[in-house]
Each structure stands twice: as C-alpha cells, then as structure tokens.
Amino acid sequence: MRRLCLVRHGPTHAKTMVGWSDLPADLSDHDAIARLAEHLPADALVISSDLSRAVATADAIQGARTRLPHDPDLREMNFGDWELQRFDEVEDQETYRAFWEHPGDVKPPNGESWHELEARVGKAVDAALAAHPDKDLIVVAHFGAILTQLQRSEKLTAYEAFGHKIDNLSVTEIDITKTGWHTKAINHTP
C-alpha cells in the first residue's frame, strides 16, 4: 500500500477567484504547520505546484523529506478572464453559473474546463507515482487540483466533488493498493 497525501497550501486571504496568479501564502500559523508536518509520512516524497503559495507551504512541511521538482501541472484551475474577479464581477453570469452548476466542458474565456484540469492534474500525479513506485507521496497543491484526485478516488461526478470542503493546510489522504484508490481522509486538519 502507498499513501497519496494531498495538502492544500496556506491561505492567501484573497476574496476572488485565484487560479494561476502567484499570490503568496500566509504561513504565520506555525502550530498548524507543525501539526501538519508531524502528521504526514516521514519518509514520503514532497512535490508541489510551481506557484509560490504551494512552494512555500511545501518548504514549511518538508522537514527531512526528499523534495521533487515543482510541477506546473499541479497548479490550480486556470480561470482565464475571470482570474482575480469576485463572483459578482463576472460579466457573463450565464456561463459562470453553468461552469459551477455543470462542471465539465464549460470554461471561462481564455481559461480551462474542469475536464482539462482533471486531465492535467491526473497526468502529473500519475507521473510522480510511476517515477517513484515504492514511495508515499505528499502533493502540495490547490483546492481544484485536490478535488480532481478525490473525484477519482471516490468515483464522483465533478458536481459531487465540488460538494467537498478542502481547507487551507488540510490533508486529503488516499491509500493506493492493488485493488485501486481508497480514500482514507478528506479535509483532515491535524
């Protein structure tokens, strides 16, 4: 059995849609970071998105663990023209509502769809797992990226996956066995 630990980066405190914008994480809650680092497997490999909020969070929990190169395919969803807008600021509310109510192929202008995010993140996770077949893996990433892997493990629809809360500095843990992926914890805050 192997463990896949999906950690959401520290908070940005932004009140807008933050996808590929490189906002820093607030890592001032040293106790929460210490508890998270202690909870994670000591001999796991650590990989993160290349956005600074994920990189800095991975740095904070790494400890003596081996670090893999940052992977841009672990980034949050690309919100395109909606990036850094509040929900009520999006001009095309019809497309915006369809994007959240029927996630799949609908995408923001110049952004990506849920299916595109799911394929991108899945490819990155699969590559890291395949490259290190005998190691547990800690992936420090983003809300949407984590939901794609939870969706995969739980065999959920995208809409059902959106029903899950993924807090900053939480871990969603998946056991990978010969019989498949088995969710052990969702949104656990040690």
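A residue is taken as buried when its relative accessible area is under 20%, and in this predicted model L137, at 2% relative accessibility, therefore counts as buried. L137 is found in strand β3, a strand that is mostly covered, with five of its five residues buried. From β3, the residues L137, V139 and A141 point one way, whereas I138 and V140 point the other way, and all are buried. When neighbours within four places in sequence are left aside, L137 is in contact with R3, L4, C5, A44, L45, I47, L68, A128 and L129. By contrast with these contacts, a separation of 19 Å between C-alpha atoms is found for L137 and E76, which are 61 residues apart in sequence.

Strand β3 belongs to an open sheet of five strands, arranged in the order β2-β3-β1-β4-β5 with mixed pairing. The edges of this sheet are formed by β2 (45-48) and β5 (180-188), each of which pairs on one side only, and neighbouring strands are turned against each other by 20° on average, direction ignored. On one side, β3 runs parallel to β2, to which it is joined by four bridges, and within this pairing L45 stands opposite L137. On the other side, β3 runs parallel to β1, and five bridges join the two strands; here C5 stands opposite I138. The pairing of β1 (residues 2-8) with β4 (residues 171-177) is antiparallel and comprises six bridges, with V7 placed opposite V171 in β4.

Helix α4 (residues 114-131) lies across β1, β2, β3 (137-141), β4 and β5, and runs at about 115° to β5. Two packed helices are described by the angle between their axes and the distance between the axes. For α4 and helix α5 (residues 143-154), the packing angle is about 80° and the axes are 9 Å apart; α4 and α5 are therefore roughly perpendicular to each other. The contact brings W114, L117, E118, V121, G122, V125 and D126 of α4 against G144, A145, L147, T148, Q149, Q151 and R152 of α5, and by class it has six nonpolar, five polar and three charged residues.

Two residues of this helix contact, D126 and R152, also meet through their side chains in a salt bridge, at 2.5 Å from N to O. Since D126 lies in helix α4 and R152 in helix α5, the pair ties together parts that are 26 residues apart in sequence. Both partners are partly exposed, D126 with a relative accessible area of 34% and R152 with 31%.

The structure holds eleven salt bridges, among them one between the side chains of D73 and K123, at 3.4 Å from N to O. D73 lies in the loop between α2 and α3 and K123 in helix α4, so this pair ties together parts that are 50 residues apart in sequence. D73 is partly exposed at 22% relative accessibility, whereas K123 is exposed, with a relative accessible area of 54%. A further salt bridge is formed by the side chains of R75 and D50, at 2.7 Å from N to O. With R75 in the loop between α2 (52-62) and α3 (93-101) and D50 in the loop between β2 and α2, the parts tied together are 25 residues apart in sequence. R75 is buried, with a relative accessible area of 18%, whereas D50 is partly exposed at 26%. Finally, R86, D88 and E89 are linked in a network of salt bridges.

Definitions and conventions. Residues are numbered from 1 along each chain as its sequence is written. This is a predicted model: local features need pLDDT of at least 70, side-chain atom pairs count only at pLDDT 80 or more; totals for chains, interfaces and linings use all residues. Side-chain values use heavy atoms; hydrogens and water are left out. Two strands pair if DSSP finds at least two bridges between them. Axes are lines fitted to C-alpha atoms, for helices over the stretch in contact, and angles run from 0 to 180 degrees between N-to-C directions. Contact means heavy atoms within 4.5 Å. Buried means under 20% relative accessible area, exposed over 50%, partly exposed in between (1.4 Å probe, protein chains only). Angles under 35 degrees count as roughly parallel, over 145 as roughly antiparallel, 65 to 115 as roughly perpendicular and the rest as oblique. Ala, Val, Leu, Ile, Met, Phe, Trp, Tyr, Cys and Pro count as nonpolar, Asp, Glu, Lys and Arg as charged, and the others, Gly among them, as polar. A salt bridge is a side-chain nitrogen of Lys or Arg within 4 Å of a carboxyl oxygen of Asp or Glu.
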